[in-house]
Amino acid sequence: MKKILLSLIFVFVAAMAQAEPAGPFNWSSAYLRETPSKIAAAYVQIENSTNADDALIGASANWAERIELHQIQTDENGVMKMLPIEKISLPKNGVAVLQQGGYHLMIFGIKNKLNVDEKKDINLKFEKAGTVTIPFTVQPLSGNPQAFRDKLMMEHGHHGM
Ligand SMILES: [Cu+2]
């Protein structure tokens, strides 16, 4: 009996290490960076193993004023810019990858200081699947916080920060 229990626990732990389900989707690598300002970027990979194309069309959290979908694009002068976008497609049997240098969630008006290793729920709104809530882990901010803040202020200057 003890042996069965132990192997059950093992199977459970092994499953936990894999991508976790959220609504109809699996997700992994959900994190956001600790931030010295009230702005942070959040990243996640979402896998759509259903038989229907879907798309991420919005996000919200009760601990922030608003969340936008952003994409980093390089303009004709080779300058990298963050642009708000309407949606991020999540095709059937496909993956939506939100990562540094690409698509990301931009969180504005963070109400309380983020603590490293804390999990913060973000509600992701999908065209078909509706709202799916995923916990994002706060990771330490690497590098110089002031330089990071200056960079964010510059990139998001159009938001009137
Ligand atoms: Cu952004």
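Let's start with L90 and the company that residue keeps. If we set aside its neighbours within four places in sequence, L90 is in contact with I46, N48, D54, A55, L56 and A96. Keep in mind, please, that we're looking at a predicted model. Take A55 from that list: L90 and A55 are 35 residues apart in sequence, yet their C-alpha atoms are 4.8 Å apart in space. As for where L90 lives, that's strand β7, covering residues 88-90.

So, is L90 buried or exposed? L90 is buried, because 24 other C-beta atoms lie within 10 Å, and the cut-off for that label is 20 or more.

Let me zoom out for a moment. The protein has 161 residues, and 22% of them count as buried. Its secondary structure comes to 2 helices and 11 strands. Reading from the N terminus, you meet a helix, then the run of strands, and a helix again at the end. And how much of the contact map is long-range? Looking at contacts with a separation of 6 or more, 64% come from residues 24 or more positions apart.

Now for the core. In soluble globular proteins, nonpolar side chains tend to be buried together. Here, the largest nonpolar core has 30 residues. Which of them have the most contacts inside that core? Those are A42, V44, I67, L105, I107 and I122. Let's follow A42 a little further. Again leaving out neighbours within four places in sequence, A42 is in contact with L32, H104, L105, I107, I122 and F136. You'll recognise L105, I107 and I122 from the list I just gave for the core.

Last topic, and one for the backbone fans among you: positive phi angles. Two residues to look at here, please. S29 has a positive phi of about 50 degrees, although S29 is not a glycine. D117 isn't a glycine either, and its phi is positive too, near 80 degrees.

Where do these two sit? S29 is found in strand β2, residues 25-33, whereas D117 is in the loop between β9 (104-110) and β10 (119-126). What about their surroundings? S29 is partly exposed, because 14 other C-beta atoms lie within 10 Å. D117 counts as exposed, because 9 C-beta neighbours are found inside 10 Å, and the exposed label applies at 12 or fewer.

That's my tour, then: L90 in strand β7, A42 in the core, and the positive phi values of S29 and D117. Thanks for listening, everyone!

Methods. Residues are numbered from 1 along each chain as its sequence is written. This is a predicted model: local features need pLDDT of at least 70, side-chain atom pairs count only at pLDDT 80 or more; totals for chains, interfaces and linings use all residues. A nonpolar core is a set of buried Ala, Val, Leu, Ile, Met, Phe, Trp, Tyr and Cys residues joined through C-beta atoms within 7 Å. Two residues are in contact if their C-beta atoms, placed from the backbone, lie within 7 Å. Helices (H or I, at least four residues) and strands (E, at least two) are DSSP runs, numbered from the N terminus.
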